[in-house]
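Please take me through how the terms used for this model are justified, setting each value against its cut-off.

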Amino acid sequence: MLKYVKMILLVGALSAVVSGCIDSKDPDLQISTIAYVVQKNEGTDQQMKTFGTYVAMGAAYGTVAQAQVTREGMPLFYFSKLDENFYETRRLEIHPDLSNCNGKYLVEAQDEEGHVAQNSFTFDIKESMGALNMKEPLKYESGRITAQWEEVENADLYAILVGRAVKDNSGVAKFYRINSQYYNWEPSPVKTSGIFNPSTGMGGNSYIIDGTELIVAVVAVSKSRNLYLEGDYYKIVVGTDGVTPVRGFN
């Protein structure tokens with residue numbers, strides 16, 4: 001149950017994410033779902049746009065034996081198991097057209113005794129966002145992350161993505177989106193620049209100590225609050241100045 005509650009908290013500081021817990025007909029199994037669409041812009045002019053749907057699920061009151069997510073009745077095969085009761089789209093299915101992410105989704109889990117829990121949601125996102133052009137690159141110095149960017153078309157909120165690394169059995173740090181959160185930039189009145197201190201801005205989490213590895217990125221959020229335009233990803237090490245570009249965090 002503790003893990004289940006923790007997963008719900010991973011929605012982060014923004015309320016822009018589709019999330020929910022729906023009672024199954026049999027209370028022996030419950031699930032909670034987080035979902036949103038990620039936009040990425042590529043190229044020097046930021047005009048090459050791609051889109052991918054992210055879904056994560058946590059379960060309680062039972063042990064999940066199998067889980068799946070479907071869109072308009074078609075299974076999404078990249079929904080994979082992370083832990084006993086956690087599933088997520090580990091690698092986003094990238095589309096060149098935003099409409100490919102719209103539609104009705106069904107998340108379904110079944111435990112070892114055959115109890116079934118379901119959660120559904122619908123995306124109907126009309127407009128993508130414009131270019132995310134950086135005026136000052138993302139930096140990490142003296143414990144603070146700073147960045148400055150031009151206003152993004154169709155965005156009404158700006159945030160920073162902060163993802164925490166998890167070390168595998170060999171001690172290698174890996175990043176999973178289920179361990180990421182979105183935080184409002186400060187100062188909030190200034191829409192096109194931000195300052196963020198991971199040691200204090202993440203709610204005083206005990207794991208934010210010197211040496212902690214984090215993935216960070218500038219994020220623009222659309223008015224629909226279900227579309228997130230993420231900039232380039234960087235790795236930082238808390239307590240050590242500098243950023244390292246990272247590819248493939250999706």
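Q: In the hairpin of β4 and β5, which residue takes a positive phi, and how many residues lie between the strands?
A: The hairpin of β4 and β5 has two residues between the strands, and E72 takes a positive phi near 55 degrees. The model is a predicted one, in which local features need pLDDT of at least 70 and side-chain atom pairs pLDDT 80 or more, while totals for chains, interfaces and linings use all residues. Residues are numbered from 1 along each chain as its sequence is written, and side-chain values use heavy atoms, without hydrogens and water.

Q: Why do β4 and β5 count as paired?
A: Pairing requires at least two bridges found by DSSP between two strands, and β4 and β5 have two bridges, in the antiparallel sense, so the criterion is met. T70 stands opposite P75 of β5. A strand is a DSSP run of E with at least two residues, numbered from the N terminus, and β5 covers 74–75.

Q: What makes β5 and β9 the edge strands of their sheet?
A: The open sheet has four strands in the order β5-β4-β8-β9, with antiparallel pairing, and β5 and β9 are its edges, each pairing on one side only. Further in, β4 (residues 64–71) is joined to β8 by seven bridges, again antiparallel. Within that pairing A67 faces A109 of β8, and R71 has Y105 as its bridge partner in β8.

Q: Why is the pair of Y105 and F121 called stacked?
A: Rings of Phe, Tyr and Trp (its six-membered ring) pair if their centres lie within 6.5 Å, and planes under 30 degrees apart are stacked, over 60 edge-to-face and the rest tilted. The centres of Y105 and F121 are 4.9 Å apart and their planes stand at 10 degrees, so the pair is stacked. Y105 belongs to β8 (residues 103–111) and F121 to β9 (residues 116–123), so the pair ties together parts 16 residues apart in sequence. The structure holds eleven aromatic pairs, and ring pairs also link Y36, Y54, Y182 and Y228 into a cluster.

Q: How do you know whether Y105, F121 and T50 are buried or exposed?
A: The test is relative accessible area with a 1.4 Å probe on protein chains only: buried is under 20%, exposed over 50%, and partly exposed in between. Y105, at 2%, is therefore buried, and F121, at 7%, is buried as well. T50, at 23%, is partly exposed; T50 lies in strand β3, and its C-alpha atom is separated by 8.3 Å from that of V38, twelve residues apart along the chain.

Q: Why is the charged end of K40 said to sit over the ring of Y233?
A: The rule asks for NZ of Lys or CZ of Arg within 6 Å of the ring centre and within 35 degrees of the ring normal. The charged end of K40 sits over the ring of Y233 at 4.2 Å from its centre, and that of R177 sits over the ring of Y54 at 5.8 Å.

Q: What lines the second largest cavity, and how much space lies in that cavity?
A: On a 1 Å grid over the protein atoms alone, a cavity is a set of points where a 1.4 Å probe fits but cannot get out, and lining residues have an atom within 4 Å of a point. Two cavities of 30 Å³ or more are found, and the second largest has about 50 Å³ of space. Its lining includes R71, E93, H95 and Y105, and divides into four nonpolar, three polar and two charged residues.

Q: Which residues are closest to the centre of the largest pocket, and which element gives the most to its lining?
A: A pocket, unlike a cavity, is an open set with protein on both sides within 12 Å along at least five of seven lines. The largest pocket has about 580 Å³ of space, and of its 29 lining residues K40, E42, G231, D232 and Y233 are closest to the centre. Strand β2 gives the most, with four residues; β3 (48–60) and β10 (134–141) are among the elements giving two or more.

Q: What joins β12 to β13?
A: Eight bridges join β12 (residues 155–167) to β13 (residues 173–184), and the two strands run antiparallel. K167 has A173 of β13 as its bridge partner. Their hairpin has five residues between the strands, and G171 takes a positive phi near 90 degrees.

Technical notes:
Points joined across faces, edges and corners; volume = space filled by probe spheres on them. Nonpolar A, V, L, I, M, F, W, Y, C, P; charged D, E, K, R; others polar.
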